[in-house]
Amino acid sequence: RERYPAPPGPGRGVGVPGILDLDQGRVLFSPNFHWEDVALLEPLGRLLLQRTSIRWPMRLENSNRAMALGEQFVWVRCGVSRILSASTLAMASAQRPLKTESCASVSLGHQGAGPHHGGEGWALCTCGNNGCLEAVASGRAIAQQARNLISSGVKTRILELAGGNIERVEAKTVFAAAREQDVAALDLVRRAGEYIGIGIASYINLLDPEKIVLAGGMSNESLLIEQIQKVVKIRRMRFAGRRVKLRVSNL
């Protein structure tokens with residue numbers, strides 16, 4: 001209670017991925033939503049006033065940092081102070097959630113996936129760069145890679161599990177095929193886990209956290225988590241992160 005005093009009253013918090021102007025309540029750039037310089041809190045506040053007749057105090061926050069704060073409130077009771085919270089491909093520290101000059105978070109998703117990040121041949125990311133982890137290892141990317149394989153004539157159970165409709169292929173379809181030991185699906189999951197594992201290992205080497213908490217839809221896929229854990233163990237420095245625990249969020 002001393003560290004986290006109660007707020008003065010009820011309010012509304014809005015978590016948005018991207019680069020924000022917290023003071024003005026504006027989204028400067030959100031690749032996820034394709035927003036650029038969007039006023040958010042003012043129109044949202046007007047809408048809430050119309051619906052509830054209450055002028056709510058409102059705060060804008062980067063969604064990754066907000067998630068890290070949520071994890072911190074859980075884990076601080078267990079004596080854990082240095083947490084990295086990763087929502088699929090977004091990461092933030094919850095010791096004092098890392099805040100950059102542009103009010104973004106530490107973004108795993110827009111880290112390069114390899115030595116040729118940004119070069120030709122790498123998938124285009126929503127941020128405008130090429131080869132970001134978001135573009136090659138997110139759920140959306142896995143689904144697109146599966147569609148590309150099917151279109152090129154690769155034999156796979158993925159299409160059958162999507163009811164024969166290539167447009168219905170999603171990441172969960174790929175994971176379902178991988179659980180049935182489909183070779184193409186297993187390769188897609190293995191590759192995504194390798195990319196994500198390398199990214200997480202880089203952050204372990206840099207920040208040496210006590211715990212890494214994974215969240216988001218893909219965090220429930222045991223095949224992916226196992227691959228990430230395997231790669232992290234290989235890629236982290238010998239003594240950095242030797243006690244770090246990788247956990248899936250319960251929130």
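**Close-up A. Right-handed crossing of helix 7 and helix 8 in the predicted model.** In this predicted model, helix 7 and helix 8 cross with right-handed geometry. Helix 7 comprises residues 183–207 and helix 8 comprises residues 222–235. Their axes approach to within 7 Å, with a crossing angle of roughly 45°. Because angles under 35 degrees count as roughly parallel and those from 65 to 115 as roughly perpendicular, helix 7 and helix 8 are therefore classed as oblique to each other. The residues of the contact between helix 7 and helix 8 comprise 13 nonpolar, four polar and three charged.

**Close-up B. Length and termination of helix 4 (residues 139–151).** The 13 residues of helix 4 extend 19 Å between the first and last C-alpha, close to the 18 Å expected at 1.5 Å a residue. After helix 4 comes Gly153, which has a positive phi, near 95°.

**Close-up C. Buried residues of helix 4 and their cover.** Seen along the sequence, the buried residues of helix 4 are Gly139, Ala141, Ile142, Ala143, Gln145, Ala146 and Ile150. Among the elements that cover these buried residues are helix 3 (133–137), helix 5 (158–161), helix 6 (171–179) and helix 7.

**Close-up D. Span and termination of helix 1 (residues 41–52).** Helix 1 contains 12 residues, so a span of 16 Å is expected at 1.5 Å a residue. The end C-alpha atoms of helix 1 are 16 Å apart, in agreement with that expectation. Ser53 follows helix 1 and has a positive phi, near 60°.

Definitions and conventions. Residues numbered from 1 in each chain as written. Predicted model: local features only at pLDDT ≥ 70, side-chain atom pairs only at ≥ 80, totals over all residues. Heavy atoms only, no water. Axes fitted to C-alpha atoms, helices over the stretch in contact; angles between N-to-C directions. Helix = DSSP H or I, 4+ residues; strand = E, 2+ residues; numbered from the N terminus. Parallel < 35°, antiparallel > 145°, perpendicular 65-115°, else oblique. Left-handed = near helix turned anticlockwise from the far one by under 90°. Nonpolar A, V, L, I, M, F, W, Y, C, P; charged D, E, K, R; others polar. Expected span 1.5 Å × (residues − 1). Buried < 20%, exposed > 50% of the residue type's maximum accessible area, 1.4 Å probe, protein only. Contact = heavy atoms within 4.5 Å.
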